[in-house]
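Got the model open in your viewer? Here's a walk through it, one selection at a time.

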Amino acid sequence: MYEQFKARAVGVGAEVHRVGSYSDAVAFVLSFLKQEGVADTAGSYAVWAKGPFLEAVDQESLTGIPGLSFEVTRERAAQAKVGISDMSYAVADTGS
């Protein structure tokens with residue numbers, strides 16, 4: 001089911017990654033933001049929609065990343081280079 005979900009998501013332009021733990025996920029996101037050149041300038045922002053994942057990690061460790069915002073507004077999103085959201089593994093596994 002995960003592969004079906006991923007295929008549909010990629011088909012509409014989303015990028016899907018699967019990791020084994022919260023710490024692996026945080027490490028991946030930090031690496032990805034650095035690779036993408038996220039910065040505190042319009043066109044280089046990153047917005048991260050709050051969800052269950054963020055409630056389970058130490059958000060303080062993420063607040064020092066220039067250009068990363070957890071306050072997703074229409075204006076900020078329009079000026080962002082990267083947008084991050086999360087999905088329950090159960091939803092992804094069932095494709096629902």
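Start by selecting tryptophan 48. Is this residue buried or exposed? With a relative accessibility of just 2%, tryptophan 48 falls under the 20% cut-off, so it counts as buried. Bear in mind throughout that you're looking at a predicted model.

Keep Trp48 selected and show what it touches. Setting aside residues up to four places away in sequence, the partners are Val29, Phe53, Leu54, Leu62, Leu68, Ser69, Phe70, Val72 and Ile84. Now add serine 85 and draw a C-alpha to C-alpha distance: tryptophan 48 and serine 85 sit 6.0 Å apart in space, although 37 residues separate them in sequence.

Next, colour strand E1, residues 45–48, where tryptophan 48 lies. Which way do the side chains go? Tyr45 and Val47 point one way from E1, while Ala46 and Trp48 point the other way, and all of these are buried. That fits a general pattern: in a regular strand, side chains alternate between the two faces of the sheet.

Now bring in the rest of the sheet. Three strands form an open sheet, ordered E2-E1-E3, with parallel pairing. E2 and E3 (80–84) are the edge strands, each pairing on one side only. Helix H2, residues 22–36, packs on this sheet and touches E1, E2 and E3; the direction of H2 makes about 165° with that of E3.

Click valine 47 to see both pairings of E1. What is the bridge partner of valine 47 in E2? Serine 69 takes that place, and the parallel pairing of E1 and E2 runs over two bridges. In E3, valine 47 has glycine 83 as its bridge partner, and E1 and E3 pair over four bridges, again in the parallel sense.

Stay with serine 69 for a moment. This residue belongs to strand E2, residues 68–69. The relative accessible area of serine 69 is 13%, so it counts as buried. Beyond the residues up to four places away in sequence, serine 69 touches Ala46, Val47, Trp48 and Arg76.

Time to look at the core. Select Leu33, Trp48, Leu62, Leu68 and Val82: these have the most contacts inside the largest nonpolar core, which has 17 residues. Which elements give two or more residues to this core? They are H2, E1, helix H3 (52–56) and E3. H2 gives the most, with five residues.

From that set, zoom in on valine 82. Leaving aside neighbours within four places in sequence, valine 82 is in contact with Phe32, Leu33, Glu36, Val38, Tyr45, Ala46 and Val47.

Now hop to serine 44, in the loop between H2 and E1. Buried or exposed? At 18% relative accessible area, serine 44 is under the 20% cut-off and therefore buried. Show its contacts, again without the neighbours within four places in sequence, and you'll find Gly37, Val38, Ala39, Gln79 and Lys81.

Swing over to helix H1, residues 2–11, and pick out its buried residues: Tyr2, Phe5 and Ala9. Look down the axis of H1 and these buried residues fall within an arc of 65°, so they line one face of the helix. As a reminder of the geometry, an α-helix has 3.6 residues a turn, so residues three or four places apart point the same way. On the other side of H1, you'll find Glu3, Ala7, Arg8 and Gly11 exposed. Following H1, stop at glycine 13, where phi is positive, near 95°.

Finally, zoom out and colour by secondary structure. The protein chain has five helices and three strands, and along the sequence they follow the pattern α-α-β-α-β-α-β-α. How many of the 96 residues count as buried? The share is 29%. Switch on the surface, and the accessible area of the protein chain comes to about 6,400 Å², with 53% of it belonging to carbon and sulfur atoms. If you draw a contact map, take the contacts with a separation of 6 or more: residues 24 or more positions apart account for 63% of them.

Methods
Residues are numbered from 1 along each chain as its sequence is written. This is a predicted model: local features need pLDDT of at least 70, side-chain atom pairs count only at pLDDT 80 or more; totals for chains, interfaces and linings use all residues. Side-chain values use heavy atoms; hydrogens and water are left out. Buried means under 20% relative accessible area, exposed over 50%, partly exposed in between (1.4 Å probe, protein chains only). Contact means heavy atoms within 4.5 Å. Accessible areas come from the Shrake-Rupley method with a 1.4 Å probe; for residues, only the protein chains shown count as cover. The arc is that of the directions from the helix axis to the C-beta atoms. Two strands pair if DSSP finds at least two bridges between them. Axes are lines fitted to C-alpha atoms, for helices over the stretch in contact, and angles run from 0 to 180 degrees between N-to-C directions. A nonpolar core is a set of buried Ala, Val, Leu, Ile, Met, Phe, Trp, Tyr and Cys residues joined through side-chain atoms within 4.5 Å.
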